[in-house]
Amino acid sequence: MMKFEGEHLFPGQLGHFFVILSFIAALIATISFFTASRQQDPLQKQSWLRFARMAFFIQVIGVIIVFSTIFYICSHHYYEYMYAYKHTSQELEYKYLLACIWEGQEGSFLLWTIWQSVIGIILIFKSKEWEAPVMSVISLAQFFLLMMILGIYFFDIRIGNSPFTLTRNEIAGPIFSQPNYLSFIKDGIGLNVLLRNYWMVIHPPVLFLGFASTVVPFAYAYAGLQTKRYGDWIKPLLPWALMSATVLGVGIMMGGKWAYESLNFGGYWAWDPVENASFVPWLILIAGLHTMVVYKATGHSLRASYLFAMLAFIFILYSTYLTRTGILGDTSVHAFTEAGKAINLMILLFLLFFAVSGLSLLFFHYKKIPAIHTEENTNSREFWMFIGSLVIFLTALFISAKTSVPVYNKIFNTHIAPPEDVEFSYNKIVVLVAIIVGVLTAITQYFKYKTTGKAYLLKNIVWPTAIAAALALLLAVLYPYTFWKHGVGFLGAIYLASFACIYAVVANAFYIFKILKGKFVNAGGSVAHAGFALMIVGMLISAGNKEVISSSMVNGINLPASKDPMTKQDDDPKENLTLIRELPTKMADYQVTYIKDSAGHEKGRNFYELHFERKNPTTQKITESFVLQPDVYIMKDNNMSSNPDTKAYLTKDIFTYVTFALNKNSNTDTSTFKVRELNEGDTTFYSNGMLILNKVEKNPSQSKFDYDKAAIALQADITVISKDSMHYKAKPLILVDSLGISQVDDTVFAQNLYVRFSGVTDTHKIKIGVKESDKLIDFVTVKAYVFPYINLVWLGLIIMAVGLVMSMIKRGNFSKTQSIAILVFVTIALFYMFLLANQ
Amino acid sequence: MKKSHIIILIGIAVLIGCLLAYSADFSTYDTVSSARQKEGKFVHLIAKLDKTKPIQYDPINNPNYLSFYAIDSLGGQTKVVYRNSKPNDLEKSERIVMKGKMQSDHFECSDILLKCPSKYKDDKEQLEKTVQEQQATSSTN
């Protein structure tokens with residue numbers, strides 16, 4: 001056995017010991033809580049409970065030590081550990097040290113485990129008579145999660161991937177046979193640059209708290225069945241379910257905001273399988289919340305509540321399966337990559353265990369779950385709430401069914417690929433859902449439970465309806481949607497959905513002030529509904545009127561045909577615009593100039609300073625001026641990542657990112673112009689071909705350069721023909737104005753050729769300067785969008801979350817001070833994160 | 001749950017069923033030759049970059065025109081035209097999933113998904129390569 005130099009093996013051994021200890025403790029806690037839950041004798045029950053709690057606490061302490069150990073290893077850059085080698089590097093800023101831990105599979109499972117521990121501890125103290133059955137489910141979930149990071153061998157199969165494996169055991173390489181191999185590993189790979197963003201610090205913890213919290217509804221539903229107190233679990237669960245819906249919802253939209261701010265998808269939501277995977281459980285949770293409220297008020301919908309409470313967690317596990325086993329493969333841009341066959345099987349086992357045992361338990365008890373056998377009135381609130389829940393649930397199933405195509409492909413060995421326009425294939429359905437849900441959200445609260453008088457309903461609903469109709473009409477007239485891409489039918493559906501959601505906002509606001517008389521304590525539901533609807537309105541407006549301003553048609557660099565002659569279809573929108581350094585280029589109402597580029601403080605990061613200016617067309621005064629700095633990050637392996645920059649106004653965002661940039665390292669110029677004297681029609685040569693001077697135009701009406709029309713301009717029309725018989729156009733300009741003579745050179749990028757209109761000789765020959773550069777001209781190609789009213793999306797989300805928290809506070813046992821503290825904290829934190837930070 | 005419920009439920013179920021059918025507009029994964037057989041139809045083409053042939057991209061003159069040659073695992077070859085900016089890592093990609101339609105002389109691509117080695121951090125081969133590179137650089141120092 002070789003002795004290796006410089007390794008720090010103790011932390012890893014310590015960490016691994018506590019992983020195993022926690023794993024065993026979780027198993028013991030599960031068995032003990034379960035036994036306690038089956039004990040009739042109160043003394044026996046108490047003693048089992050005490051033992052179970054102790055096991056759970058040991059598990060919690062173990063998990064905390066494991067996490068601290070990983071943090072220690074990563075912060076000390078101990079590259080002998082695979083985890084540190086893969087996820088940290090010397091230049092990694094301190095703030096990303098936590099982020100790099102949850103970048104990997106093991107770390108994110110651990111984060112989930114930690115949140116579940118916190119939830120478990122709160123439940124041990126707060127859930128009273130429900131503790132034993134509820135905690136047996138939570139401990140079991142802990143057991144499965146810890147198994148994922150166990151890292152022990154059972155015969156030849158590795159059970160779980162430990163975060164404490166050693167680099168030399170994981171990677172085969174000749175250097176690992178040298179005792180001093182560590183002295184060769186100078187640096188780790190580090191956190192993926194795409195993820196170096198403050199959202200990476202905050203989004204995973206919130207999302208994983210959302211994930212972890214969905215186990216609580218499952219646990220309570222199980223407890224309801226196990227104790228045969230079929231209906232009693234709903235009341236203590238409701239605040240938990242509301243918390244879960246808030247955190248998961250906010251977590252998902254944080255991901256959306258992150259994608260919008262710093263990834264170049266061009267939006268906040270793309271129906272990517274990874275996004276859908278966490279959105280589906282949220283929808284089911286929302287459906288479940290509504291049926292639970294119905295049950296509490298009327299005794300209806302208990303069976304549906306059971307189903308939804310269980311399915312929310314089952315779908316969280318299914319999403320884990322989808323995103324972590326590599327099964328999504330080609331269909332997702334940001335799924336985790338495959339982590340090995342054994343762990344894939346374990347994740348599947350985790351999913352199947354909870355799905356099969358939960359649903360079959362529900363099946364066996366189904367008949368015993370009390371249900372009211374009289375029919376709900378169609379003029380009762382519970383009837384419409386149930387319909388709403390059902391629509392939301394079916395939407396969740398629809399999204400999940402579409403997302404699962406790679407799973408069918410795997411099972412049935414088919415090759416079904418996503419449709420041509422993935423986003424539209426979802427949008428055309430959810431826009432209909434938005435119409436139904438919008439209208440239901442607007443009217444349902446105006447129904448009373450059991451039965452509602454017609455007069456009461458009409459009297460109260462008439463004003464909100466009229467106002468919403470007027471607002472929707474106003475929107476259609478003053479700010480019509482320009483989204484013609486999918487035809488008039490879809491446009492109509494967007495208008496209907498806009499009306500439905502405006503209706504929901506107005507009706508819920510009315511409800512708070514008219515019916516609840518402004519008593520905000522009871523208004524949580526209405527506030528959440530109004531916020532949700534406002535968010536959808538924001539989505540419809542910002543997407544329906546999203547505008548591409550970087551159209552390359554504007555600067556004449558290329559003028560594409562509007563129809564493709566081959567396919568007879570509309571040509572692709574030319575959304576990329578090349579900006580040559582220091583050359584103002586038109587972008588919608590803006591003059592955009594690429595001023596300069598500058599290095600960021602991370603090595604390989606390059607910022608492109610784009611100066612946006614808007615002038616008043618008559619007075620020529622600058623009315624608006626700002627700088628955007630999208631950046632490109634050239635990573636260690638020479639791959640590039642492009643990060644957008646956004647100018648955020650209250651009513652719109654101007655969003656731009658680099659789609660193509662030169663690699664700076666190999667780009668310096670030493671060559672000079674050589675002047676030739678030509679007549680029109682003459683030919684001259686360069687090293688790789690020839691140039692033909694076709695003609696000279698005075699004051700050309702079409703020029704790719706935006707020159708001052710007051711000047712006298714001459715443009716040389718030159719054709720460049722290279723040896724491989726490619727044809728290029730070059731049109732350099734010479735300008736004469738009050739300041740003197742100036743030249744605008746043209747370039748043939750593909751031939752590294754600069755062409756200059758140098759002047760005219762006494763004999764009326766044209767002087768054409770030709771430079772064969774060893775440096776490429778400096779330019780950057782960008783895409784730019786305007787997202788109007790996108791702040792409505794974030795504002796709606798905040799209002800929805802605050803509304804959910806208000807409901808949670810009302811239904812939970814909180815003191816007045818606690819309630820105010822929670823509300824103030826949530827509101828300020830969300831406002832800061834979504835609207836103020838990064839502006 | 002009685003009559004009116006059930007009627008509405010069925011109504012909704014049918015509606016959703018219809019919508020599902022209507023929305024089941026999936027496409028297929030194809031090779032060059034199978035894509036040729038359904039010229040003009042939207043497909044997913046899985047291939048890799050043919051590194052022996054030139055990539056044509058001239059962003060100053062037209063940032064929205066990229067053409068290159070792709071070769072699939074069965075040896076089928078086609079020219080690809082992508083009317084958009086060049087993806088940064090095209091040259092380094094190991095595999096390309098292209099969405100689009102086969103035309104008589106080229107594949108008209110509307111979207112490109114690259115599979116690059118660097119995005120697969122957990123890929124051990126890549127790690128081994130990285131370690132070897134690091135060793136090479138530190139031994140030359």
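1. A quick definition to start: two strands pair if DSSP finds at least two bridges between them, where strands are DSSP runs of E of at least two residues and helices are runs of H or I of at least four, numbered from the N terminus. On that footing, Asp746(A) stands opposite Val755(A) of β22(A).

2. Some housekeeping: this is a predicted model, with local features needing pLDDT of at least 70 and side-chain atom pairs counting only at pLDDT 80 or more, while totals for chains, interfaces and linings use all residues. Residues are numbered from 1 along each chain as its sequence is written, and chains are lettered from A and ligands numbered from 1 in the order in which they are written.

3. Back to the strands: β21(A) and β22 (residues 753–760) of chain A run antiparallel and are joined by 3 bridges. Both belong to an open, antiparallel sheet of 4 strands, ordered β14-β23-β22-β21 in chain A. Its edges are β14 (674–678) and β21 (746–748) of chain A; each has a single partner strand, so one side of each lacks a neighbour in the sheet.

4. Now the interior. The largest nonpolar core (buried Ala, Val, Leu, Ile, Met, Phe, Trp, Tyr and Cys joined through C-beta atoms within 7 Å; buried means 20 or more other C-beta atoms within 10 Å of a residue's own, C-beta atoms being placed from the backbone) has 235 residues. Helix α12 (residues 302–324) of chain A gives the largest share, 16 residues.

5. Apart from that core lies another of 20 residues, and Val755(A) is among them, as are Leu691(A), Leu693(A) and Ala713(A).

How values were computed. A residue is buried if 20 or more other C-beta atoms lie within 10 Å of its own, exposed if 12 or fewer, and partly exposed in between; C-beta atoms are placed from the backbone.
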